[in-house]
Amino acid sequence: MSSERGEKQRVQFRAPESVVQQADTLATVLETDRTSVILSALQEYVRDASHDDDLKQELADAYYDDDITFDELKAVVGHEEAANFRVLKEQLDEGFVDATADELADS
C-alpha cells in the first residue's frame, strides 16, 4: 500500500447522483475540487474505522484467517496494535496450542 502522501492510484466508482452533487457543492464552498472532498471523506472514514472496536475485531479475524496480510492490517490499525494481533495469532497457532496442552498435561 502506498503512503498517504506518496504514490497515487486512480480509482473509479459509481455513486448516487445526489451524493456527487453534495460533494460538488462542498467543493465549491471550500474552493477545492470534488476529488479533494471525496479524499478527505475517505481519509476520515479510515481514521475513524481504525478506532472502531468492532471493525478492529473484524480486521483481526480476517488476519487470523489469512484473508489480509500483516501489512494490510498494520495500515489500518497501526503498527503496535497489528503487532499485538500478530502475537495473538501466533499463540492461537495449532502447534502452540498443542504444545501448551502437552505442557499442562505433563505438569
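Reply: Let's start with a term you'll need: a residue is called buried under 20% relative accessible area, exposed over 50%, and partly exposed in between. Keep in mind that this is a predicted model.

Me: Okay, let me try it. Is lysine 89 buried, partly exposed or exposed?

Reply: Lysine 89 has a relative accessible area of 21%, so it counts as partly exposed. Try aspartate 66 too: at 57% relative accessibility, this one is exposed.

Me: How do I read a salt bridge, and what is the distance between the closest N and O atoms of aspartate 66 and lysine 89?

Reply: The general idea is that side chains of opposite charge can pair when their charged atoms come close. In this case, the closest N and O atoms of aspartate 66 and lysine 89 are 2.5 Å apart. Aspartate 66 sits in the loop between α3 and α4, while lysine 89 belongs to helix α5, so the bridge ties together parts that are 23 residues apart in sequence.

Me: How many salt bridges does the structure hold?

Reply: There are five. One of them joins the side chains of lysine 56 and glutamate 81, at 3.4 Å from N to O. That pair also links distant parts of the chain, with lysine 56 in helix α3 and glutamate 81 in helix α5, 25 residues apart. Check the cover as well: lysine 56 is buried at 12%, whereas glutamate 81 is partly exposed at 27%.

Me: Which residues are linked with Lys56 in a network of salt bridges?

Reply: Asp53 and Glu81 are linked with Lys56 in that network.

Me: And what about a salt bridge inside one helix? Where do lysine 74 and aspartate 71 lie?

Reply: The idea first: an α-helix has 3.6 residues a turn, so residues three or four places apart point the same way. Lysine 74 and aspartate 71 are both in helix α4, three residues apart, which is about one turn. Their closest N and O atoms are 3.9 Å apart. Lysine 74 is partly exposed at 30%, and aspartate 71 is exposed at 51%.

Me: Now the nonpolar residues. Which ones make up the largest nonpolar core?

Reply: In soluble globular proteins, nonpolar side chains tend to be buried together. Here the largest nonpolar core has nine residues: Leu59, Ala60, Tyr63, Tyr64, Phe70, Leu73, Val77, Ala82 and Phe85. Helices α3 (53-64), α4 (70-77) and α5 (79-92) each supply at least two of them, and α3 gives the largest share, four residues. To see some of the packing, click on alanine 60: leaving out residues up to four places away in sequence, it touches Leu73 and Phe85.

Me: Which residues make a nonpolar patch on the surface?

Reply: Val11, Phe13 and Ile38 do, and their patch is about 300 Å². Isoleucine 38 is part of helix α2 (residues 34-49), and at 32% it is partly exposed.

Me: Last one: why does the length of helix α1 agree with what it should be?

Reply: Just compare the expected span with the model. At 1.5 Å a residue, the 14 residues of α1 (residues 17-30) should span 20 Å, and the end C-alpha atoms are 20 Å apart, so the two agree. Right after α1 comes glutamate 31, whose phi is positive, near 55 degrees.

Key. Residues are numbered from 1 along each chain as its sequence is written. This is a predicted model: local features need pLDDT of at least 70, side-chain atom pairs count only at pLDDT 80 or more; totals for chains, interfaces and linings use all residues. Side-chain values use heavy atoms; hydrogens and water are left out. Helices (H or I, at least four residues) and strands (E, at least two) are DSSP runs, numbered from the N terminus. The expected span of a helix is 1.5 Å times one less than its number of residues. A nonpolar core is a set of buried Ala, Val, Leu, Ile, Met, Phe, Trp, Tyr and Cys residues joined through side-chain atoms within 4.5 Å. Buried means under 20% relative accessible area, exposed over 50%, partly exposed in between (1.4 Å probe, protein chains only). Contact means heavy atoms within 4.5 Å. Patches are made of residues with over 30% relative accessible area and no salt bridge: like charges are joined within 9 Å, nonpolar side chains (Val, Leu, Ile, Met, Phe, Trp, Tyr) within 5 Å. Accessible areas come from the Shrake-Rupley method with a 1.4 Å probe; for residues, only the protein chains shown count as cover. A salt bridge is a side-chain nitrogen of Lys or Arg within 4 Å of a carboxyl oxygen of Asp or Glu.
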